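Here is a short report on one protein chain. Keep the sequence and the 3D view open as you read.

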Amino acid sequence: IIHDYYEHKRLGKKYDNLSIKERDKYKREVFIFHGLEFFIIIFILSFFNVFFLYVFIGMLLHLIIDLIELIEKKHPLYWKLSIIYTFIKNKNKKNFS
């Protein structure tokens, strides 16, 4: 697990150093708990149990921080806003390794 963590960090730095045009050639990671699709599910569940409201608020704060990081690193915002759209954009692109 520790090796995977450091490998992920190394690839992330390598990816961040690519130009925006170069980045577009590669697939983006899919973050299943970061998409609006998951947010909608948690939001709906918050009407049935207050626990999910707190989870939703925490997720919203986390997403805001993620969006700031994406803007700072000049990554597209869809990357963490929609799981479905990320899958569509990843079609016919090669893996980054």
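**Overall build**

The chain has 5 helices and 0 strands. From the N terminus on, its elements therefore read α-α-α-α-α, given that helices and strands are numbered from that end. The C-alpha trace spans about 45 × 30 × 25 Å along its principal axes. The chain holds 97 residues, and 26% of them count as buried. Now take the contacts between residues at least 6 apart in sequence. Of these, 62% join residues at least 24 apart.

**How far to trust it**

This is a predicted model. How confident is the prediction along the chain? The average pLDDT is 88, and 100% of the residues score at least 70. Confidence is lowest in helix 1, with a mean of 84. It is highest in helix 3, residues 36–45, with a mean of 94. Where pLDDT is low, predicted coordinates should not be read in detail.

**The nonpolar cores**

Which residues make up the largest nonpolar core? There are 6 in all: Leu11, Tyr15, Tyr26, Leu70, Trp79 and Phe96. Apart from this core lies another one, of 5 residues. Phe39, Ile42, Met59 and Leu63 are among them.

Start with leucine 70, from the largest core. Leave aside its neighbours within four places in sequence. Leucine 70 is then in contact with His75, Pro76, Leu77, Trp79 and Lys80. One of these, Trp79, also belongs to the largest core.

Now turn to methionine 59, which lies in helix 4. Is methionine 59 buried or exposed? Its relative accessible area is 14%, and buried means under 20%, so methionine 59 is buried. Not counting residues up to four places away in sequence, methionine 59 touches Phe33, Phe38, Phe39 and Ile42. Phe39 and Ile42 are listed in that other core too.

How many Å separate methionine 59 and leucine 11? Their C-alpha atoms are 26 Å apart in space, and the two residues are 48 apart in sequence.

**The largest pocket**

The largest pocket has a volume of about 600 Å³. It is lined by 20 residues. Closest to its centre are His8, Gly12, Tyr15, Glu29 and Trp79. Two elements give two or more residues to the lining: helix 1 (2–16) and helix 4. Which of the elements gives the largest share? Helix 1 does, with 8 residues. By type, the lining divides into 7 nonpolar, 4 polar and 9 charged residues. Tyr15 and Trp79 link two parts of this report. Both are named near the pocket's centre, and both are in the largest nonpolar core.

**Two positive phi angles**

Lysine 74 has a positive phi of about 60 degrees, although it is not a glycine. Where is lysine 74? It sits in the loop between helix 4 (50–72) and helix 5 (83–90). Asparagine 92 also has a positive phi, near 65 degrees, and is a residue other than glycine. Asparagine 92 is in the segment after helix 5.

Are these two residues buried or exposed? Exposed means over 50% relative accessible area. Lysine 74 is at 56%, so it is exposed. Asparagine 92 is at 77%, so it counts as exposed as well.

**Accessibility side by side**

Two further residues join the list here. Glutamate 7 is found in helix 1. Serine 19 lies in the loop between helix 1 and helix 2 (20–23).

| Residue | Relative accessible area | Class |
|---|---|---|
| Methionine 59 | 14% | buried |
| Glutamate 7 | 28% | partly exposed |
| Serine 19 | 39% | partly exposed |
| Lysine 74 | 56% | exposed |
| Asparagine 92 | 77% | exposed |

**Sequence distance and space**

Two pairs show how the chain is laid out. Glutamate 7 and lysine 21 are 14 residues apart in sequence, and their C-alpha atoms are 23 Å apart. Serine 19 and lysine 74 are 55 residues apart along the chain, and their C-alpha atoms are separated by 9.6 Å. Find both pairs in the 3D view and compare them.

Conventions. Residues are numbered from 1 along each chain as its sequence is written. This is a predicted model: local features need pLDDT of at least 70, side-chain atom pairs count only at pLDDT 80 or more; totals for chains, interfaces and linings use all residues. Side-chain values use heavy atoms; hydrogens and water are left out. Helices (H or I, at least four residues) and strands (E, at least two) are DSSP runs, numbered from the N terminus. Buried means under 20% relative accessible area, exposed over 50%, partly exposed in between (1.4 Å probe, protein chains only). On a 1 Å grid over the protein atoms alone, a cavity is a set of points where a 1.4 Å probe fits but cannot get out, and a pocket is an open set with protein on both sides within 12 Å along at least five of seven lines; lining residues have an atom within 4 Å of a point. Grid points are joined across faces, edges and corners, and a volume is the space filled by probe spheres set on the points. Ala, Val, Leu, Ile, Met, Phe, Trp, Tyr, Cys and Pro count as nonpolar, Asp, Glu, Lys and Arg as charged, and the others, Gly among them, as polar. pLDDT is the predictor's confidence in each residue, from 0 to 100. A nonpolar core is a set of buried Ala, Val, Leu, Ile, Met, Phe, Trp, Tyr and Cys residues joined through side-chain atoms within 4.5 Å. Contact means heavy atoms within 4.5 Å.
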